[in-house]
Amino acid sequence: MLFVKTFNELENSELYQILRLRSEVFVVEQNCVYQDMDNKDQKAIHIYYKEKNNIIAYTRILKSGDYYENPSIGRVLVSEKNRGKELGKKIMRKSIEYIKDNLNEKKIELSAQKYLDKFYKELGFYKKGEEYLEDGIPHQKMFLDLIR
């Protein structure tokens, strides 16, 4: 089941699951020590899928000016045991749809891990600029033009 919530709408147990899952994927699995709780969650729209009361896929959306000039989608993840089911693309499409339908914007911007280049390109994103390191992991700036 899909959920779309602001920070204040999240239940304590949901916030805990989100932060735990982000830590499992981005800190433990990717062996990357970084400060995940960056004071942007309070401004974000949180989109996630739940199955049997467990969060299995997640993204957060930040509005224009809250991180980049354009709205952005970040912290994109699918729990390890739920990968290979197209959930990543499904939740990204829902996130893009949310921005189109609710934020009245022309472009989405994100900082994508380089190894996910094909994944984002299949969703219509294009690379702009040079590759860079973010928390020791190769990233690239990517954009998606929204058609009205």
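**Exercise 1.** Which residue follows H2, and what is the sign of its phi?

*Solution.* Step 1: the model is predicted, so local features need pLDDT of at least 70 and side-chain atom pairs count only at pLDDT 80 or more, while totals for chains, interfaces and linings use all residues. Residues are numbered from 1 along each chain as its sequence is written, and side-chain values use heavy atoms, with hydrogens and water left out.

Step 2: helices (H or I, at least four residues) and strands (E, at least two) are DSSP runs numbered from the N terminus. Asn104 follows H2, and its phi is positive, near 50°.

**Exercise 2.** Compare the expected span of H2 with the distance between its end C-alpha atoms.

*Solution.* Step 1: the expected span is 1.5 Å times one less than the number of residues. Step 2: H2 covers residues 87–102, 16 residues, which should span 22 Å. Step 3: the end C-alpha atoms are 22 Å apart, which agrees.

**Exercise 3.** Describe the surroundings of His46.

*Solution.* Step 1: His46 sits in strand S2 (residues 45–51). Step 2: its relative accessible area is 1%, so it counts as buried (under 20%; exposed is over 50%, partly exposed in between; 1.4 Å probe, protein chains only). Step 3: a polar atom of the His46 side chain lies 3.0 Å from the backbone oxygen of Asp41. Step 4: beyond four places in sequence, His46 touches (heavy atoms within 4.5 Å) residues including Phe3, Phe7, Leu10, Tyr58 and Arg60.

**Exercise 4.** Which element gives the most to the largest nonpolar core?

*Solution.* Step 1: a nonpolar core is a set of buried Ala, Val, Leu, Ile, Met, Phe, Trp, Tyr and Cys residues joined through side-chain atoms within 4.5 Å. Step 2: the largest has 26 residues, and Ile61, Ile73, Met92, Ile108, Tyr120 and Phe125 have the most contacts inside it. Step 3: H2 gives the most, six residues. Step 4: a second, separate core of 12 residues includes Leu10, Tyr34, Tyr48 and Leu77.

Step 5: leaving aside neighbours within four places in sequence, the contacts of Phe125 include Met92, Ile96, Ile108 and Tyr120. Buried residues of H2 include Met92, Ile96 and Ile99.

Technical notes
Polar contact = N/O pair within 3.5 Å; in protein donor to acceptor, adjacent residues only side chain to side chain.
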